Amino acid sequence: MALRAAYLVGAFTCKAVKAEPGEIARLEVTSSLGLHVIAVRAGPHALENVRVTVRLTPEVSTSIPFMPRDLYPLDANDDPLGAGGSIEVGQRGLNVAVAYLHIEEPSFGDVLYVQNLTALNDYYRATGTKPDAVVGGTWPELGYMIPTPEDDTPACESALEAGVEVTLPDAILVFRHQAPLHERDSARRFLQMLGIAYATIERPKVEFRDWVKRAEWTLRDLDNAPEATIAHYGHRYVHPYTNAEYPDIMVQMSIVTAIHDWGKWCGSPHPLEAEFKAGLEKFFDPELQSLRRYLPNVGDDKDADAVDSWYLYHPMLNLGILALDGDEDAKVLLLKSIDFGIRAAQHFKYKWPIQYKVTDFTVITDTAEADDRGQTDVGGIYAWVMLQAFELTDDKRFLDEARNAIDTAMGLRFKVNYQANLTAWGAAACMRLWRITNQTVYLEQSYVYLASFFHNCVVWESDLDHAAHYSTFMGVSCLQDAPYMAIYECFDSFVAFERYLRDSGPDIEPAARMLISEFCRYALHRGWYYYPDALPADALASDQRESNGHIDRKLSFPVEDLYPGGEQAGQVGQEVYGAGAAFIFATRAFHPIEGAPFQLYCDHFIRSTERTGDRSLTIILDGGERCTADLSIVRSKRRKLGKVTISTADGDILRPHNASADRIDYRVPASGRLYLRWE
């Protein structure tokens, strides 16, 4: 491989200077552009990797000219034209700036190239550019193409300032010898190599989020705000957006299930759960023997027979969650709807279109314009629903259906992702299938879903425009071609990954565990910014998508959309159906401890706890190796914190990095055993 560190036209001088800590080499290059400082690091990880960071201090105010891509495979004679191979994936939009390639001639293996876009924010702000699909290329010219301003942009608005250092590329290369055996092995290698790159880069700090308080505010607004609900047939239904859109079954089930989880966490059901459940039967069509998207009285401006493929199954998934928790009504409604879902799957041969009519399966929209594909990951959520039905009934036909759906999706490689949460549920279904069948192919196939998911992940912290007011790190594009991250897909993926990790074991690829845990950790942090009261007023769009209502900053409902490109948030609308985020995050991150004057907050999933004494607890975290977790002792209402001690399995007592009368914050290893004692 050849990686160009600096693109220079004209004379220059180059000298080696003393390397700084962590570097293996440092060069200074002087030219008419100014001073380039090139720092080279080689990582200590199992897979060979190198990081090259280049900083330019312009001699004068400088407009960066066009520069070609910076990565070239070489043959035995150092000729790029003689090297043969293929690019598996390149950067998609503003997601992780990655190129994954296989070099076959000469027989070299796999290379993962990543640009650390976080380090390049200063360049993008100074030049008014954005790193949209900047990594990729056409063989053999690969890698990063620095975005340059439009030709008509005035130089005063796009030039780099003289004497001000700016990072140009910050490239990471990870190498893996030999060719992958198949698509599942290729996906596993991608996760491994991305995990190495992830461990190399600097990551933003996370903050404690009081999701319990947010959940209480959300319940208040769901119950009291007239914009949140509407009455039909003597029942109360949830608006999808603030005072807008017709009630639909996906929205209703999403809120019901999240409130159900909140009730379990609190120790008694919340009244809104029963109130919202009471009207579910009105969505059931006895003639079709299926759930409909809308109520029977939906307006003429909607096609009552049209359904997006995933919309048929997601309500069933939430019915399954309730049924497996002992809700007999949910079980009955699920099982009398599920055969229609199976007929739809078999009709489309487990390859679903974007939208069709439920009356006769006539296709309305076959494929998405962006990539000419249907809803490629619906098979994943379908498989999960079938596995729920199998658990409820022990009927093998449901297990067979799950396998049919996952088997049909094999071969899609990195094209499996259509909508992020569906892809996450597909990974969970594969993991569950592996546990049931003991066939390793399903464990391996889960990596295909995960690789596609993280390919669409924003593995950088944007400071562009309004994004300076919120976090983007480890967000995921809601759709394969969407320019924004969405709260619903975020917290639904969070739930799916909780199931994935719960079913996993020591055989799981460590990089997969680490990336999932880090996604969920940053979801707890980033999710707070979807709420309008957490953003400055000027960071919110004044107009929303037609028919999607308006934004009310006083209501504790999240906006749908945050943009890594820094556009104003909430252009799509304020999601009432996204209100479940607060309940999901609160019930997973906060852990009541019987008899203790506090709750335990952790931004990683706690694998297990054991009460080892009246005032002692053993905690096992199962996050990524070499990663950290934030763990807090949060004072309960009308209680007082006493002395608290947290120690590792080796007996080392950890010191808090922050302490007050209400909360004590620790940073602990994300993997391993901890001991908690209190007075």
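**View 1. Two arginines sit over aromatic rings in this predicted model.** Start at Arg521, whose charged end sits over the ring of Tyr522, 5.9 Å from the ring centre. A second example is Arg214, which lies over the face of Trp528 at 4.3 Å from the ring centre. Trp528 also belongs to an aromatic cluster, together with Trp211, Phe494, Tyr531, Phe585 and Phe605.

**View 2. Phe453, Phe497 and Phe519 meet through edge-to-face ring pairs.** Searching the whole structure turns up 40 aromatic pairs. In one of them, the ring centres of Phe453 and Phe497 are 4.9 Å apart and the planes stand at 80 degrees, over the 60 that marks a pair as edge-to-face. This pair links distant parts of the chain: Phe453 belongs to helix H12 (residues 440–455) and Phe497 to helix H13 (residues 487–503), 44 residues apart. Are these two rings buried or exposed? Phe453 has a relative accessible area of 0%, so it is buried, and Phe497 is buried with a value of 0% as well. Phe497 pairs with Phe519 too, with ring centres 5.7 Å apart and planes at 85 degrees, so this pair is also edge-to-face. Because Phe497 lies in helix H13 and Phe519 in helix H14, the contact ties together parts that are 22 residues apart in sequence. Phe519, like Phe497, is buried.

**View 3. Helix H14 lies across strands of an open five-stranded sheet.** The strands follow the order E24-E25-E28-E31-E30, and their pairing is antiparallel. Which strands form the edges? They are strand E24 (590–592) and strand E30 (658–659), each of which pairs on one side only. Within the sheet, strand E25 (residues 598–602) and strand E28 (residues 628–635) run antiparallel and are joined by five bridges. Look here for Leu600, which stands opposite Ile633 in E28. Helix H14 (residues 510–526) lies across E25, E28 and strand E31 (663–669), and runs at about 40 degrees to E28.

**View 4. Ile633 has many neighbours in the largest nonpolar core.** This core has 229 residues, and those touching the most other members are Tyr313, Phe454, Phe585, Ile633 and Leu676. Beyond residues up to four places away in sequence, the contacts of Ile633 include Phe598, Leu600, Leu641, Val644, Ile646, Ile664, Tyr666 and Leu676. Gln599, Asp662 and Arg663 are also among the residues that Ile633 touches. A second, separate core has five residues, among them Val29, Ile38, Val40 and Val54. As background, nonpolar side chains in soluble globular proteins tend to be buried together.

**View 5. His177 and Thr200 can be visited on either side of the start of helix H3.** His177 lies in the loop between strand E12 (166–176) and H3, while Thr200 is in helix H3 (residues 183–200) itself. How accessible is His177? With a relative accessible area of 40%, His177 is partly exposed. Leaving aside residues up to four places away in sequence, His177 touches Glu48, Phe108, Gly109 and Arg189. The C-alpha atoms of His177 and Phe108 are separated by 6.1 Å, although the two residues are 69 residues apart along the chain. Thr200 has a relative accessible area of 19%, and because buried means under 20%, Thr200 counts as buried. With the same sequence neighbours left out, Thr200 touches His45, Asn49, Arg51 and Ile172.

How values were computed: Residues are numbered from 1 along each chain as its sequence is written. This is a predicted model: local features need pLDDT of at least 70, side-chain atom pairs count only at pLDDT 80 or more; totals for chains, interfaces and linings use all residues. Side-chain values use heavy atoms; hydrogens and water are left out. Two strands pair if DSSP finds at least two bridges between them. Helices (H or I, at least four residues) and strands (E, at least two) are DSSP runs, numbered from the N terminus. Contact means heavy atoms within 4.5 Å. Axes are lines fitted to C-alpha atoms, for helices over the stretch in contact, and angles run from 0 to 180 degrees between N-to-C directions. Rings of Phe, Tyr and Trp (its six-membered ring) pair if their centres lie within 6.5 Å; planes under 30 degrees apart count as stacked, over 60 as edge-to-face and the rest as tilted. Buried means under 20% relative accessible area, exposed over 50%, partly exposed in between (1.4 Å probe, protein chains only). A charge sits over a ring if NZ of Lys or CZ of Arg is within 6 Å of the ring centre and within 35 degrees of the ring normal. A nonpolar core is a set of buried Ala, Val, Leu, Ile, Met, Phe, Trp, Tyr and Cys residues joined through side-chain atoms within 4.5 Å.
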